[in-house]
Amino acid sequence: MRNFFRRKSSCQIAKDRLKILLISDRVNCSPEMMELIKTDIAKVISKYMKIDTENMEIQINTKGSKAERGKPTLYANIPIVDMLSSKDNI
């Protein structure tokens, strides 16, 4: 729980930004667009569960099998803090 409230170091923030830049360059998606995607996904998921948006990771990879022919694939690693009850969703 203590880990949840701790702020990221400037080194970790820079590393995360570099990852976003490299990923966006590979799939021809701007860093701003990646942030918009991340924000939108967080909004939708937050309707159903409490998530740790600070440690949320979104990646777009172009690796794939021959059947997929290297099409971009979105991967999301979203830490779930708690599930919301059905009455919280109304």
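## A walk from helix α3 to the β strands

Starting at the N terminus, the elements of the protein follow the order α-α-α-β-β-β-β. That makes three helices and four strands. Keep in mind as you look around that this is a predicted model.

**Stop 1: the whole chain.** Show the surface before you select anything. About 7,500 Å² of the protein is exposed, and carbon and sulfur atoms supply 55% of that area. Of the 90 residues in the protein, 18% are buried. If you turn on contacts between residues at least 6 apart in sequence, 46% of them join residues at least 24 apart.

**Stop 2: helix α3.** Now select residues 31-46, the 16 residues of α3. From first C-alpha to last, α3 reaches 22 Å, close to the 22 Å expected at 1.5 Å a residue. Colour Met34, Lys38, Ile41 and Ala42, which are the buried residues to look for here. Then turn the view to look down the axis of α3: its buried residues fall within an arc of 100 degrees, so they line one face of the helix. On the other side of α3 you will find Glu32, Leu36 and Lys43, which are exposed.

**Stop 3: the core.** Three of the residues in the next selection will bring you back to α3. Show the side chains of Cys29, Met34, Ile41, Ala42, Met49, Ile51, Met56, Ile58, Ile60 and Ile78; these 10 residues form the largest nonpolar core. The elements giving two or more residues to this core are α3, β1 (49-51) and β2 (57-61). Of these contributions, the one from α3 is the largest share.

**Stop 4: Met56.** Stay in the core and centre on Met56, one of its members. Which residues is Met56 in contact with, leaving aside its neighbours within four places in sequence? They are Lys38, Ile41, Ala42, Ile51, Asn77, Ile78 and Pro79. Among them, Lys38, Ile41 and Ala42 are buried residues of α3 that you coloured earlier.

**Stop 5: strand β2.** Move on to residues 57-61, which make up β2. Ile58 and Ile60 are on the covered face of β2, while Glu57, Gln59 and Asn61 are on the uncovered one. Both Ile58 and Ile60 belong to the core from stop 3.

**Stop 6: the partner strand.** Finally, add residues 73-77, strand β3. β2 and β3 run antiparallel and are joined by five bridges. To pick out one pairing, select Gln59 together with Tyr75, its bridge partner in β3.

Definitions and conventions
Residues numbered from 1 in each chain as written. Predicted model: local features only at pLDDT ≥ 70, side-chain atom pairs only at ≥ 80, totals over all residues. Heavy atoms only, no water. Expected span 1.5 Å × (residues − 1). Buried < 20%, exposed > 50% of the residue type's maximum accessible area, 1.4 Å probe, protein only. Arc of directions from axis to C-beta. Core = buried A, V, L, I, M, F, W, Y, C linked by side-chain atoms within 4.5 Å. Contact = heavy atoms within 4.5 Å. Areas by Shrake-Rupley, 256 points an atom, 1.4 Å probe, with all protein chains shown as cover. Pairing = 2+ DSSP bridges.
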